[in-house]
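Subject: Structure handover

Hi,

Here is the structure for you to look at. My notes on what turned up in it follow below.

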Amino acid sequence: MSKSMVVMQPQPVMVSRHSDQWGSGTCDCCDDMPECCFAFWCFPCFTCIKAKNYGECLCLPLLDFFGCVPPITMSIRVSMRQRYGIKGDMCNDCLLATCCRACVWCQMSREMKVRDLQITLVGARNL
């Protein structure tokens, strides 16, 4: 058995046939009117469902309501940019998540529909 130390693990590479930009703008809520209405009338339910669809804990977005900058909205937006290879920066994500939270969640919902990548756990055991 070899006693070599692994210095750097290989990183997953996202190969996408989509653009490196968001599929729609932050204020393009009319592109998916049912989602926009759902977000407007029941925003906590909307965010929880979208977080679950993204692969996160169902109740995680409820933590956003305890602070000035919504950390969960911002972190999911940053994660989505990284997962889908979308260009941007954390400063812009922070500004949008703070000022236009509902619009940001609607944009992320539209992006998940367009990208439609299934989450696969490699090496996970079936129980």
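D20 is partly exposed, with a relative accessible area of 29%. The model is predicted, so please read every value here as computed from it. D20 forms a salt bridge with K87, at 3.1 Å from N to O. K87 is exposed, at 56% relative accessible area. The two residues sit 67 apart along the chain: D20 in the segment before α1 (33-41), K87 in the loop between α3 and α4.

How many salt bridges are there by this rule? The count is seven. Two others involve K113.

- K113 pairs with D32, and their closest N and O atoms are 2.7 Å apart. K113 is in helix α5, D32 in the segment before α1, with their positions 81 residues apart in the sequence.
- K113 also meets E35 in a salt bridge, at 3.6 Å from N to O. E35 lies in helix α1 and K113 in helix α5, so this pair ties together parts that are 78 residues apart in sequence.

Salt bridges with shared partners join D32, E35, K50 and K113 into one network. Burial varies among these residues. D32 is buried, with a relative accessible area of 14%. E35 is buried too, at 13%. K113 is partly exposed, at 47%.

S109 touches two members of that network. This serine is in helix α5 and is buried, at 1% relative accessibility. Leaving aside neighbours within four places in sequence, S109 is in contact with E35, F46 and K50.

Now the overall fold. The protein chain has five helices and zero strands. Buried residues make up 32% of its 127 residues. Take the contacts between residues at least 6 apart in sequence: 68% of them join residues at least 24 apart. The accessible surface comes to about 8,800 Å², and carbon and sulfur atoms account for 63% of it.

Next, the core. The largest nonpolar core has 18 residues. Those with the most contacts inside it are Y54, I76, M80, Y84, W105 and M108. Helices α2 (43-54), α3 (71-84) and α5 (101-115) each supply at least two of its residues. Which helix gives the largest share? That is α5, with five residues. Y54 has a charged partner as well: R83 lies over the face of its ring, at 3.9 Å from the ring centre.

Aromatic pairs: a search of the whole structure finds two.

- F38 and F46 have ring centres 5.4 Å apart and planes at 90°, so the pair is edge-to-face. F46 is buried, at 0% relative accessible area. F38 counts as partly exposed, at 30%.
- F40 and W41 have ring centres 4.9 Å apart and planes at 85°, so this pair is edge-to-face. F40 is exposed, at 61%. W41 is exposed, at 69%.

Last, M90. This methionine lies in helix α4 (residues 90-99). Is M90 buried or exposed? M90 counts as exposed, at 51% relative accessibility; the cut-off is over 50%. Not counting residues up to four places away in sequence, M90 touches M74, V78 and R81. The C-alpha atoms of M90 and S75 are 9.0 Å apart, and the two residues are 15 apart along the chain.

Best regards

Note on methods:
Residues numbered from 1 in each chain as written. Predicted model: local features only at pLDDT ≥ 70, side-chain atom pairs only at ≥ 80, totals over all residues. Heavy atoms only, no water. Helix = DSSP H or I, 4+ residues; strand = E, 2+ residues; numbered from the N terminus. Buried < 20%, exposed > 50% of the residue type's maximum accessible area, 1.4 Å probe, protein only. Contact = heavy atoms within 4.5 Å. Areas by Shrake-Rupley, 256 points an atom, 1.4 Å probe, with all protein chains shown as cover. Phe/Tyr/Trp six-rings, centres within 6.5 Å; stacked < 30°, edge-to-face > 60°. Lys NZ or Arg CZ within 6 Å of the ring centre and 35° of its normal. Core = buried A, V, L, I, M, F, W, Y, C linked by side-chain atoms within 4.5 Å. Salt bridge = Lys/Arg side-chain N within 4 Å of Asp/Glu carboxyl O.
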